[in-house]
Amino acid sequence: MQDYGLWAVVTGTTDGIKKALVFELASKGLNLGLIGWNPSKIEATLSELRDRCGATTEVHHIVKTVVADLAKLSGEEIVAAIAGATEGIDVGLLVNNAGMGCPPEYFHEVDRQLTESILRVNVNAAVWVTKGVIDGMLKRKRGAILNMGSGSAMDISSFPLLTLYASTKAFLATFSKSISLEYEGQGIDIQCQAPFFIATKMTKMKSRYLFIPSAEIFSRASVRWIGYDRVCNPYWSHSVQAFVARTLDTITVWGLECYAKWLRAQERSRR
Ligand SMILES: NC(=O)c1ccc[n+]([C@@H]2O[C@H](COP(=O)([O-])OP(=O)(O)OC[C@H]3O[C@@H](n4cnc5c(N)ncnc54)[C@H](OP(=O)(O)O)[C@@H]3O)[C@@H](O)[C@H]2O)c1
């Protein structure tokens, strides 16, 4: 992992997959630039890092933190924040993990503020944080970028009721594949991982070993897969789920459509 450089920048570091990824990357000896929006949650992650890995901002300067609400900042503000935080450091790995989901709803019912936040965090932030680090990677001719996509976009052709979420993740997949080709041969590996369900705050699911890994189990697989394939499913049972979803796509989409109709009927009967 250190072949890419000594620093990893990760967005959305305080919960779920990202927090587990942060510990996994720290265990590989990488210095960390953590971007989160809630200072007290960042501090909690830092103190856990200190306890587990002996990392300290004051003594070893191996962890830098940036407080940035990715749902509020403009692209230029994000680039400026990244530039300030990464000045003089060799960012080898960027993980665009911050993401927002939403409850299953018809598109017109999704709250406008939530719509704006999902677009900003899932799409805008990934694009602009990438802009903030890619020039340095190109100069050094080494680096890796991991964008956290989703099986909901890669392996299922349409996703009614999660339209916004799945569409933003489809953007990330196309973005990753395309820039990966643009920079092929320049020492930068760009990848989109497309997991299915993981037991995190976003899904509110409990870990079921075979089908729903914990954030820690997923993160170990995720880090192992960095540098391989433009789009991948790092956790083995997600690959099986992806195969089944792709094979039965018509049935899966039909099932989702039935669910959408049922939800509508329930709402009408309540009125
Ligand atoms: N869990 C799954 O089943 C699953 C499946 C496929 C893909 N994914 C993707 O994996 C990634 C991580 O998801 P997760 O399950 O770990 O979800 P999560 O527990 O909700 O974590 C999302 C992360 O994004 C951060 N974030 C949200 N809004 C932000 C903002 N405005 N500014 C900065 N950071 C912000 C969160 O920070 P705070 O905790 O501080 O709010 C948190 O660290 C997401 O991109 C998600 O779409 C998840």
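**Reading the terms on a predicted ligand-bound chain**

Trainee: What makes the radius of gyration of this chain agree with that of a compact globule?

Mentor: The radius of gyration is taken over C-alpha atoms, and the globule rule is 2.2 Å times the number of residues to the power 0.38; with 271 residues this gives a value near 18 Å, and the chain has 19 Å, which agrees. Along its principal axes the C-alpha trace spans about 60 × 40 × 35 Å. This is a predicted model, in which local features need pLDDT of at least 70 and side-chain atom pairs count only at pLDDT 80 or more, while totals for chains, interfaces and linings use all residues. Residues are numbered from 1 along each chain as its sequence is written.

Trainee: What makes a residue buried, and which residues of helix 6 are buried?

Mentor: A residue is buried if 20 or more other C-beta atoms lie within 10 Å of its own, exposed if 12 or fewer, and partly exposed in between, with C-beta atoms placed from the backbone. Buried residues make up 41% of the 271 residues in the chain, and in helix 6 they are Leu164, Tyr165, Ala166, Thr168, Lys169, Leu172, Phe175 and Ser176.

Trainee: Why is residues 163-182 called a helix, and how does its span compare with the expected one?

Mentor: Helices are DSSP runs of H or I with at least four residues, strands are runs of E with at least two, and both are numbered from the N terminus. Helix 6 has 20 residues; the expected span is 1.5 Å times one less than the number of residues, and the reach of 28 Å from first C-alpha to last is close to the 28 Å expected.

Trainee: What makes a set of residues a nonpolar core, and which members touch the most others in the largest one?

Mentor: Such a core is a set of buried Ala, Val, Leu, Ile, Met, Phe, Trp, Tyr and Cys residues joined through C-beta atoms within 7 Å. Of the 63 residues in the largest core, Ala8 and Val10 touch the most other members, and the largest share, 8 residues, comes from helix 4 (residues 112-140). In soluble globular proteins, nonpolar side chains tend to be buried together.

Trainee: Which residues are closest to the ligand, and how many surround it?

Mentor: A residue is near a molecule if its C-beta atom, placed from the backbone, lies within 6 Å of it; 28 residues surround the ligand, the closest being Gly12, Asp15, Gly16, Gly99 and Thr200. Helix 1 (residues 16-27) gives the most to this shell, with 3 residues.
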